[in-house]
Each structure stands twice: as C-alpha cells, then as structure tokens.
Amino acid sequence: MKVVTTEIPATQGVLLAGGLARRMGGGDKPMRTIGGRTILERVIARLSPQCSGLILNANGDPTRFAAFGLQVVADDVPGFPGPLAGILAALDWTGANRPEIAWVLSAAGDCPFLPRDLVARLHEARERESAQLAVAASGDQSHPVIGLWSVALRDELRHALVVEDLRKIDRWTARYPLATVTWPAEPLDPFFNANTVEDIAEAERLAALDDAA
C-alpha cells in the first residue's frame with residue numbers, strides 16, 4: 001500500500017464565480033446574503049486556512065468584488081465556455097505568478113459550507129491512488145467543479161478547450177487517473193450550492209446549523 005505523507009503541498013485556491021446566475025434573475029450568486037454574510041464571505045472563510053492564497057475567477061467588471069480583497073482573474077477563452085475556462089485561467093495565473101505552486105484547488109463560489117478538510121483529503125487521496133487529479137463528491141453525486149488540478153496540465157486543458165471545444169469537466173477528468181473523495185451529505189451537504197431563490201431559503205436554514213456547529 002502506498003504510504004501517504006502528512007504534509008499538504010502548497011495549493012492555490014480559485015473561487016469560480018463566472019456564472020451568469022440566470023436562475024436567480026441575473027447577478028452574482030456569491031454576493032447573495034445568508035445568515036448575515038455573503039455566500040462569498042463564507043467560501044473565503046472556509047478556504048483561506050486551507051490554501052496558500054485565493055484568487056477569484058469572474059468575468060465582467062472586476063470592481064464589483066473589490067470589497068473581498070482578492071485578485072480577480074477573467075477567462076481568456078471567449079464565449080463563456082463554463083467552469084473549465086475558469087480552471088484554465090487559474091492554472092495559467094498560478095503558473096505565471098506562483099511558479100513554486102504545482103496545484104490549484106477549484107471551488108464554486110456559491111458553495112457556502114465547504115469542508116474544512118477539503119484540500120487535505122483531496123491531496124491525500126490523489127497521492128494514495130497515484131492520481132493526477134482529484135474531485136469531491138457527497139452522497140451519490142460527484143462535484144467535478146470542486147477539485148485539485150495540476151498546473152502542469154494547463155497546456156493540455158487549453159488544447160481541449162480551444163481546439164477540441166470540450167466543455168464538460170467530467171469528459172476532461174476522464175482522460176487522467178482520477179481520485180474521488182466522498183463526504184457525508186447529512187446532516188448538511190458540504191457542497192450544497194445556491195442555484196435558485198428557493199435554495200437561498202434552504203441555505204438560511206443550513207447556515208443556522210453550520211454556524212452553531
């Protein structure tokens with residue numbers, strides 16, 4: 001059995017907030033407030049202690065996120081091709097600005113209850129299984145937008161996006177040895193995301209549980 005080291009490699013975090021939030025009538029989902037704090041504040045609080053730094057992937061006017069103090073990195077693949085473009089932007093940014101870092105952790109900017117052991121468990125599984133990538137799951141559902149990505153794969157990802165017009169994350173991850181780490185979905189799914197107005201009401205209830213924990 002492969003021996004897993006306890007040291008977590010330096011990991012750059014990226015919060016993916018590039019979506020257009022059509023199901024909420026437009027606007028930025030991470031800016032919605034639950035339990036007196038924006039969703040984005042909650043995501044930052046969860047991931048900051050786990051990462052060597054955080055950036056925000058978002059398109060449009062970056063000043064709307066100025067209050068959060070994060071570097072905003074936009075997609076450079078045209079046409080809003082989805083979260084893979086945000087992951088590519090983060091890999092490119094890390095390669096250019098943090099060359100000492102080999103790993104990027106991506107997370108959706110609208111998941112306010114992310115696990116506090118997210119980065120540690122993903123790295124542990126990746127190393128144990130000799131995988132090139134690692135993604136999160138809860139219950140019976142995979143969450144490929146929440147995962148670990150090797151900066152060394154950025155050129156291959158760019159080729160897949162630009163030349164092959166690949167859009168789905170699971171089609172990309174299927175090309176590589178992949179570790180999947182599952183968290184329990186009860187009493188609170190740590191990967192709950194607020195997609196609709198109704199989800200915001202549920203998020204308020206869950207925030208009360210989470211804040212009391």
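Leaving aside its neighbours within four places in sequence, which residues is L118 in contact with? I will start there and work outwards. One caution before that: this is a predicted model.

The contacts of L118 are L47, Q50, L105, A136, I146, W183 and F191. L118 is one of the buried residues of helix 3, which covers residues 118-128. The others on that list are V119, L122, H123, A125, R126 and E127. A general point about helices helps in reading such a list. An α-helix has 3.6 residues a turn, so residues three or four places apart point the same way.

What do the buried residues of helix 3 pack against? There are strands and a helix among the partners: strand 1 (11-16), helix 1 (39-47), strand 6 (103-108), strand 7 (133-138), strand 8 (141-150) and strand 9 (178-183). Just after helix 3, S130 has a positive phi of about 50°.

L118 also matters for the next item, the largest nonpolar core. This core has 43 residues, and L47 and L118 touch the most other members. At least two residues of the core come from each of helix 1, strand 4, strand 6, helix 3, strand 7, strand 8, strand 9 and helix 6 (197-212). Helix 1 gives the largest share, five residues. There is also a second, separate core, with 25 residues, including A89, L133, L161 and L166.

Now the strands, beginning with strand 1. Six of its six residues are buried. From strand 1, T11, G13 and L15 point one way, while Q12, V14 and L16 point the other way. Which strands does strand 1 pair with? With strand 4 it runs parallel, joined by five bridges. With strand 6 it also runs parallel, joined by six bridges. To find these pairings on the model, look for L15 opposite L56 in strand 4, and L16 opposite N57 in strand 4. On the strand 6 side, V14 stands opposite S106.

Strand 4 covers residues 53-57, and four of its five residues are buried. Besides strand 1, strand 4 pairs with strand 5 (residues 71-73) through three bridges, and these two run parallel. I55 stands opposite Q71 in that pairing.

The pairings of strand 8 run the other way. Strand 6 and strand 8 are antiparallel, with four bridges between them. W103 has S150 as its bridge partner in strand 8. Strand 7 and strand 8 are antiparallel as well, with five bridges. A136, which is in contact with L118, stands opposite H143 in strand 8. How many residues lie between strand 7 and strand 8 in their hairpin? There are two, and G139 in the turn has a positive phi of about 60°.

H143 deserves a moment. Is H143, in strand 8, buried or exposed? H143 counts as buried because its relative accessible area is 10%, and the cut-off for buried is under 20%. Leaving aside neighbours within four places in sequence, H143 is in contact with V135, A136, A137, S138 and F191. F191 is also on the contact list of L118.

Next, a residue from another part of the chain, A85. The place of A85 is in helix 2, residues 83-97. A85 has 1% relative accessibility, which is why it counts as buried. Not counting residues up to four places away in sequence, A85 touches D75, V77 and L161. L161 was named earlier as a member of the second core. The C-alpha atoms of A85 and L157 are separated by 8.8 Å, and these two residues are 72 apart along the chain.

Last, a pocket. The second largest pocket holds about 220 Å³ of space. Of the 14 residues that line this pocket, R46, F113, L188, P190 and D210 are the closest to its centre. What classes of residue make up the lining of the second largest pocket? There are 10 nonpolar and four charged residues, and no polar ones.

To go back to the opening question, L118 belongs to the buried residues of helix 3, and with L47 it touches the most other members of the largest nonpolar core. L47 is itself one of the contacts of L118. That is the end of the talk.

Terms used: Residues are numbered from 1 along each chain as its sequence is written. This is a predicted model: local features need pLDDT of at least 70, side-chain atom pairs count only at pLDDT 80 or more; totals for chains, interfaces and linings use all residues. Side-chain values use heavy atoms; hydrogens and water are left out. Buried means under 20% relative accessible area, exposed over 50%, partly exposed in between (1.4 Å probe, protein chains only). Contact means heavy atoms within 4.5 Å. Two strands pair if DSSP finds at least two bridges between them. A nonpolar core is a set of buried Ala, Val, Leu, Ile, Met, Phe, Trp, Tyr and Cys residues joined through side-chain atoms within 4.5 Å. On a 1 Å grid over the protein atoms alone, a cavity is a set of points where a 1.4 Å probe fits but cannot get out, and a pocket is an open set with protein on both sides within 12 Å along at least five of seven lines; lining residues have an atom within 4 Å of a point. Grid points are joined across faces, edges and corners, and a volume is the space filled by probe spheres set on the points. Ala, Val, Leu, Ile, Met, Phe, Trp, Tyr, Cys and Pro count as nonpolar, Asp, Glu, Lys and Arg as charged, and the others, Gly among them, as polar.
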